[in-house]
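Here are my notes on the model you sent over. Have it open while you read, and follow along point by point.

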Amino acid sequence: KPIFVFDKNRRAIERGDSKRPDRMAGATRSVFSYTPSGTLMEQAIYDSEGRLEWKSVATIDKNERIIETKETIQEHPEHFTPKRYDVYRYTKSLFKLDASGNQVEEIGYDWKGDLYATYKRTYESGRRLTSELRLDNKNRPIDLVIFKFDETGLLQEELKYTSNEYRDIDDLMPGTLVSGYGMFQQGQRIAYEYDKTNNWIKMTAFDLKQGGKLDSITFRTLSYY
């Protein structure tokens with residue numbers, strides 16, 4: 001189990017993991033820092049030898065809203081002979097905010113400084129995310145997810161679309177599914193059912209490319225103490 005260290009405001013400032021399946025180096029340590037009002041400004045992950053694996057540093061506006069992040073990403077040590085742990089790539093993202101401070105657009109740049117992707121997001125009820133669209137560096141729609149809620153704010157349905165098939169290296173095959181945000185190659189509708197405590201117990205997926213044909217059903221059993 002992870003071990004946390006908190007500051008006087010009960011904010012996590014360090015996390016220690018004995019095992020992290022998503023990390024190659026075994027034991028890791030994560031550290032976090034905040035502005036006085038609580039905005040997360042910096043995150044960093046170190047391996048078991050104290051070597052930096054990943055870091056994100058945010059730039060904020062006068063209202064302490066994040067408008068930019070810069071990431072430091074360790075190259076895979078296995079790419080070098082002998083292994084090297086001191087080679088990094090640097091990326092960044094710029095954010096456009098609405099009046100409520102929501103990140104309605106994110107523009108991501110790769111390690112070369114070239115445009116990688118643009119994310120467009122919509123919200124309702126102030127802060128509730130209702131859709132996220134990813135466009136590639138040629139402004140082509142690649143991924144889309146739409147969230148639908150009931151009057152109490154409980155998630156009822158997700159619509160997921162993607163386009164990931166190419167004729168050639170950068171020749172994206174045309175999509176046939178109409179989403180309202182562009183054409184996509186594949187799509188899935190996911191519906192949820194809940195128990196009395198509002199935890200989902202049944203998830204049903206439908207294949208939109210097959211005319212809404214049933215794809216899978218997942219049941220979940222929860223025990224309460």
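1. Let's begin with contacts along the chain. Take the contacts between residues at least 6 apart in sequence: 22% of them join residues at least 24 apart. Keep in mind throughout that this is a predicted model.

2. Now the overall make-up. What does the secondary structure come to? The count is zero helices and 19 strands. The C-alpha trace spans about 55 × 50 × 40 Å along its principal axes. The protein has 225 residues, and 30% of them count as buried. About 14600 Å² is exposed, with carbon and sulfur atoms supplying 51% of that area.

3. Next, charges. The protein carries 36 positive and 36 negative charges, and the mean positions of the two sets are 2 Å apart. Side chains of opposite charge can pair when their charged atoms come close. How many salt bridges does the structure hold? There are 21.

4. Here is one of those pairs to look up. D17 and R15 meet through their side chains in a salt bridge, with 3.0 Å from N to O. Are the two partners buried or exposed? D17 counts as buried because its relative accessibility is 7%, while R15, with a relative accessible area of 27%, is partly exposed.

5. Another pair is D61 and R65, a salt bridge whose closest N and O atoms are 3.0 Å apart. R65 has 26% relative accessibility, so this residue counts as partly exposed.

6. Then have a look at D136 and R140. Their salt bridge brings the closest N and O atoms to 2.7 Å, and both residues are buried. The story goes on from there: D136, K138, R140 and D170 are joined into one network by salt bridges that share partners.

7. While you're in that region, find R134. This residue sits in strand 10, which runs over residues 128–136. R134 is buried, because its relative accessible area is 19% and the cut-off for buried is under 20%. Which residues does R134 touch, leaving out those up to four places away in sequence? The list is Y116, A117, T118, Y119, R140, P141, I142 and D143. You'll recognise R140 from the salt bridge with D136.

8. On to the strand pairs, starting with strand 7 (residues 88–97) and strand 8 (residues 103–109). They pair in the antiparallel sense over six bridges. L97 has Q103 in strand 8 as its bridge partner. The two strands form a hairpin with five residues between them, and in the turn G101 has a positive phi of about 90°.

9. Strand 8 also pairs with strand 9 (residues 115–124), in the antiparallel sense and over five bridges. Which residue of strand 9 stands opposite E106? That is Y119, a residue you met among the contacts of R134. This hairpin has five residues between the strands, and G113 takes a positive phi near 90°.

10. Further along the chain, strand 17 (residues 186–194) and strand 18 (residues 200–207) pair in the antiparallel sense over seven bridges. Y194 has W200 in strand 18 as its bridge partner. Five residues lie between the strands of this hairpin, and N198 takes a positive phi near 65°.

11. N199 deserves a stop of its own. You'll find this residue in the loop between strand 17 and strand 18. With a relative accessible area of 30%, N199 is partly exposed. Leaving out residues up to four places away in sequence, N199 touches E193, Y194, R220, L222 and Y224. Now try drawing a line from N199 to D171: they are 28 residues apart along the chain, and their C-alpha atoms are separated by 42 Å.

12. Last stop: strand 18 and strand 19 (residues 213–219). They pair in the antiparallel sense over six bridges. Where does D207 find its bridge partner? In strand 19, at K213. Strand 18 and strand 19 form a hairpin with five residues between them, and G211 in the turn has a positive phi of about 75°.

Conventions: Residues numbered from 1 in each chain as written. Predicted model: local features only at pLDDT ≥ 70, side-chain atom pairs only at ≥ 80, totals over all residues. Heavy atoms only, no water. Salt bridge = Lys/Arg side-chain N within 4 Å of Asp/Glu carboxyl O. Buried < 20%, exposed > 50% of the residue type's maximum accessible area, 1.4 Å probe, protein only. Pairing = 2+ DSSP bridges. Helix = DSSP H or I, 4+ residues; strand = E, 2+ residues; numbered from the N terminus. Contact = heavy atoms within 4.5 Å. Areas by Shrake-Rupley, 256 points an atom, 1.4 Å probe, with all protein chains shown as cover. Lys, Arg positive; Asp, Glu negative; His and termini not counted. Charge placed at Lys NZ, Arg CZ, Asp CG, Glu CD.
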